[in-house]
Every structure is written in C-alpha cells, then in structure tokens.
Amino acid sequence: MEMTQKIKIFGATPSPYTQKILAAFRYRHIPYIVYNGNIVKKITKLGIDLPKPVLLPTILLPNDNGALVATTDSTPIIRRLENDFSERKIIPDDPALAFINYLLEDFGDEWVTKYMFHYRWYFEEDADVAGAILPLVDIAINTSNDTLTEYKKIVTERQKGRLWVVGSNDRTADFIDSSYKRFLNLMEDHLLNSPFLLGTKPSSSDFSFYGQLTQLIGFDPTPRKIAYEYSLRTVAWVDVLDDLSGHDAENTSWTNLEDSPESLKNMLKEVGKMYIPALLANSEALIKGDETWEMKIDNAVWKQKTFPYQAKCLKWIKNEFDLLNQEDKKRVLNFLDDTGCETIL
C-alpha cells in the first residue's frame, strides 16, 4: 500500500472505535480521509459491498487482488496496519509486553465501553443529549427541527431498549458506576508514573482507552462530571492523545515488562476482577446455548445477553498467549500473578 494513498474511513464522532482508529492514524502518519454520517449510503454509492454487520468505523482496505473491501473491527485492523506501514508502530516489540497490550486493548474495547453505553443511555440528561446529537451527525447538521425531533425519539428509544444487552439496568447501575470510578482512580495513579499505559510511547491499548474516554469525558455529561472529580490527569490525557502526530517516536520507548510500575499491575487487577469473570461466564453460556448469563462479580449480581463476539475475544486472547514461546509465557504469567487475569491462561 502506497503511503500517498489515502485510506477511506467511514465513521462518526460519537463512536469510540472511530475515535480510536483516527487517533492511531494521526499518530502513525497514515494518510486518510474520513466520512461521517450515513455510512451505508456512502459505501453503497461507491459500489462496494457492505460489511456484515455494518459497524463503526468501516475502513476500505485492499484485498490480495487489490480490490477495496469494507473492513471492520479496530483490533485486527490495527494489526494489519502494523504490517502495511513500517513507521511509528503501536504494538510493542517485546512479545510478552505485546500480550499485555492486547489484553488491555480488549478490556478497553469490551469492558470500558460498558461504562460509555451505560452513562449515555441510562441517565435522562445524557440520553437527551445523545438522542439529539446522534441524528445530527448521522443525517446532517442542518436537519430540520421536525425531522430531528422524530429521529431523536427513534434513536433514544432504540438505544435505551438495548441497555440490557450490555448488562446495564437498575440492579447493576451502582456496580458500573463504582467500576468506572475505580478505573479513573487507577488511571490517575498510573499517569503519575507514566505518560502512556506502557511507557513513554503510546501503544494500541492507549488508543483503545482513549476512544472510550472521548465519549465518557468529551461527550456525555454525567461521566464527564465524574472524571473531573476523580481524575484530572485522565481528562488532560485524553486531550493529549487526540493528536500525537508530533510525538517523538524515536526518542521514547515502551517500558520493560519486568520494570513496569505497580500501577500497571493494579490496572490489570481491575481487568481480572471485572472483565475476566465476565468473559468466562459468557463463553460457558454460549457453549450451553443459554441466551443470557448471570453471575456474581465483585459482590454484585451481573446479568446480560450472551455475546458470540466476546467468546471470540476470549479465544483470541488465548491464541495470543499460545503464540508466545515458553520463556515469554513464563514472563507473562509471573507478571499477571495475583491479578485474576492468569485464570484464563
């Protein structure tokens, strides 16, 4: 792929995964052009088949024959771009550290996003804001007031009706709120030690966290107020991550895994406490054919819809670990000892 060829990205500003990808592109100096709004209409107009399912962002990337294909899922896209572009990479060279990065990236994409969806649609103030802005982004800024009112009602009712899919309800609201506040405290502590998750150089897990936090801090009123109360460093960090095109990639580095600060291990304890049990329960429910699953996490009952995709996430994490040599597996297990993450390995 020629560096002069601009990659077409179809997304939306209120999409955390769109923000994740765009920030990674800016850091890596990968030429792109972004299209916001009705992506189905815009991709179809180009004569390209839509992805199944249609997700944000959708990126047009060439297949082996050079034909452009609508491609989704930020994590594998980022790893493909590591091969397509050689400069300013965001996957650590050390395979053991790269595994920790993968685990954190998955946590950001699949668990921190629960905070985002919960706050956006559970609270009336947030739902009112999102319900009005999302149609303006998807249709057009100059959408008439009558059309906006109609679409706002449709969008709000649809998204509120999907809260249960991510496990958000009256029983879990306090649970999610507590987890988000702990996450902010962990970020505050870690940013005292390091400007990025894995050292003085950003990795894909940074962009994963950033994507979700652009919404939690930059879009939705309730989690923004909480962030300003619990972690001003995280608020500032999101601003910094927005455009790292000028970051000095040559004179910064990832931390050696064994030299990582305790604050990183504390972050992984939250992963092991919240996300890993959910992954295991979801996978077991899928094997049994159960449409929903329920278990106690952090002394609270968590219930949600069974997700085939999150069962794939568990499989992919295990695959990443299996690719390591024996020495790197040992290093990872030593580092993850007593975090709860080691239970899936």
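## Leu268 and the nonpolar cores

Leaving aside residues up to four places away in sequence, Leu268 is in contact (heavy atoms within 4.5 Å) with Ile100, Leu103, Leu104, Phe335, Leu336, Thr339 and Cys341. The model is predicted: local features need pLDDT of at least 70, side-chain atom pairs count only at pLDDT 80 or more, and totals for chains, interfaces and linings use all residues. Residues are numbered from 1 along each chain as its sequence is written, and side-chain values use heavy atoms, with hydrogens and water left out.

The largest nonpolar core has 83 residues, of which Tyr115, Phe209, Trp237 and Leu268 touch the most other members. A nonpolar core is a set of buried Ala, Val, Leu, Ile, Met, Phe, Trp, Tyr and Cys residues joined through side-chain atoms within 4.5 Å; buried means under 20% relative accessible area (1.4 Å probe, protein chains only). Helix H4 (residues 95–122) supplies the largest share of this core, 14 residues. Another core, of nine residues, lies apart from it and includes Phe117, Trp121, Ala130 and Leu134.

## Helix H8

Helix H8 covers residues 204–218 (helices are DSSP runs of H or I, at least four residues, numbered from the N terminus). Its 15 residues reach 20 Å from first C-alpha to last, close to the 21 Å expected at 1.5 Å a residue, taken as 1.5 Å times one less than the number of residues.

A kink of about 30° is centred on Gln212, the bend being the angle between axes fitted to the seven residues ending there and the seven starting there. H8 is largely enclosed by the rest of the structure, because 14 of its 15 residues are buried.

Conventions:
Helices (H or I, at least four residues) and strands (E, at least two) are DSSP runs, numbered from the N terminus. Buried means under 20% relative accessible area, exposed over 50%, partly exposed in between (1.4 Å probe, protein chains only).
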